[in-house]
Amino acid sequence: MGEHIILIGFMGAGKSTVGRRLSRKLSRQLLDTDAMIEARAGMTVSEIFASRGEDAFRATETEVLAGLALRREPVIISTGGGMPMRPENREALRRLGHVVWLRVKPGTVCERLAGDTTRPLLAGDDRQQKVEALLAQRGPIYGETAHLTVDADGRAPEEIAEEILTKLHIGNIRREA
Ligand code: S3P
């Protein structure tokens, strides 16, 4: 297993926010797969979905993940919520390092993403229903991919980051306050 810390979980779970905390605490770089895909394409995720379709987005996601395996220094990786859906991605994620699932309930997602227009999979009406259906389908897959599951409902990012470091036994020597 590699040394990276990889955050997985649903949209709105707090992967980027918790990732930033971990990055600061461990003085490690934070990489965000959505941002890497956007930089490659020169478009936002929504634009990629609209102009090239979800399959093209998923293919780029897999390519970006493969590229991460070449990184030597340990980093924090925040992934798009659909990253573990492809079986080959699940294996690649687990090989990269410690996979941590930030688990949230549908209500938390809807609260946090109220008014958000950047998630094409949640566009349109019946957001609550879409979130519930997707989470029901994805929950077991996140669980099967993760080495560690952390509940993220109603908790501060700082507390979640601390729990991750404690449970991964990442000691104070390598941490900054
Ligand atoms: C997706 C999650 C998004 C982004 C894309 C698809 C998903 O990332 O990759 O909109 O399938 O759950 P976040 O989890 O960072 O919102």
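**Exercise 1. A residue on helix α7**

Task: Work out whether A136 is buried or exposed in this predicted model.

Solution:
- Start with the location: A136 belongs to helix α7.
- Next, take its relative accessibility, which is 57%.
- Now apply the cut-off: a residue counts as exposed when its relative accessible area is over 50%.
- A136 is therefore exposed.
- To place A136 against another part of the chain, use L22: the two are 114 residues apart in sequence, and their C-alpha atoms are 28 Å apart in space.

**Exercise 2. A residue on helix α2**

Task: Find which exposure class E38 falls into, and how far E38 is from S51 in sequence and in space.

Solution:
- Locate E38 first: helix α2 spans residues 33–41 and includes this residue.
- The class between buried and exposed runs from the 20% limit to the 50% limit.
- E38 has a relative accessibility of 29%, so it is partly exposed.
- For the distance, count 13 residues along the sequence from E38 to S51, and 13 Å between their C-alpha atoms.

**Exercise 3. Backbone angles in two loops**

Task: Look at the phi angles of S27 and D126, and say where in the fold each residue lies.

Solution:
- Begin with the background: most residues other than glycine have a negative phi.
- S27 is not a glycine, yet its phi is positive, at about 50°.
- S27 sits in the loop that links α1 (15–26) to β2 (30–32).
- With a relative accessible area of 47%, S27 is classed as partly exposed.
- D126, also not a glycine, has a positive phi of about 55°.
- Its place is the loop between α6 (106–112) and α7 (127–145).

**Exercise 4. The ligand and its surroundings**

Task: Describe where the ligand sits, which residues are closest to it, and how much of its area the protein covers.

Solution:
- Start with the site: the ligand occupies the largest pocket.
- Count the neighbours: 13 residues surround the ligand, and the closest are K15, D34, R58, R119 and R138.
- Sort that shell by class: 5 residues are nonpolar, 3 are polar and 5 are charged.
- Then check individual atoms. A polar side-chain atom of K15 is 2.6 Å from a ligand oxygen.
- For D34, an N or O atom of the side chain lies 2.7 Å from an oxygen atom of the ligand.
- R138 places a polar side-chain atom 2.6 Å from an oxygen atom of the ligand.
- Finish with coverage: on its own the ligand has 380 Å² of accessible area, and the protein covers 94% of it.

Terms used
Residues numbered from 1 in each chain as written. Predicted model: local features only at pLDDT ≥ 70, side-chain atom pairs only at ≥ 80, totals over all residues. Heavy atoms only, no water. Near = heavy atom within 4 Å. Polar contact = N/O pair within 3.5 Å; in protein donor to acceptor, adjacent residues only side chain to side chain. Areas by Shrake-Rupley, 256 points an atom, 1.4 Å probe, with all protein chains shown as cover. 1 Å grid on protein atoms, 1.4 Å probe; cavity = no way out; pocket = protein on both sides within 12 Å on 5 of 7 lines; lining within 4 Å. Sits in = over half its atoms within 2 Å of the grid points. Nonpolar A, V, L, I, M, F, W, Y, C, P; charged D, E, K, R; others polar. Helix = DSSP H or I, 4+ residues; strand = E, 2+ residues; numbered from the N terminus. Buried < 20%, exposed > 50% of the residue type's maximum accessible area, 1.4 Å probe, protein only.
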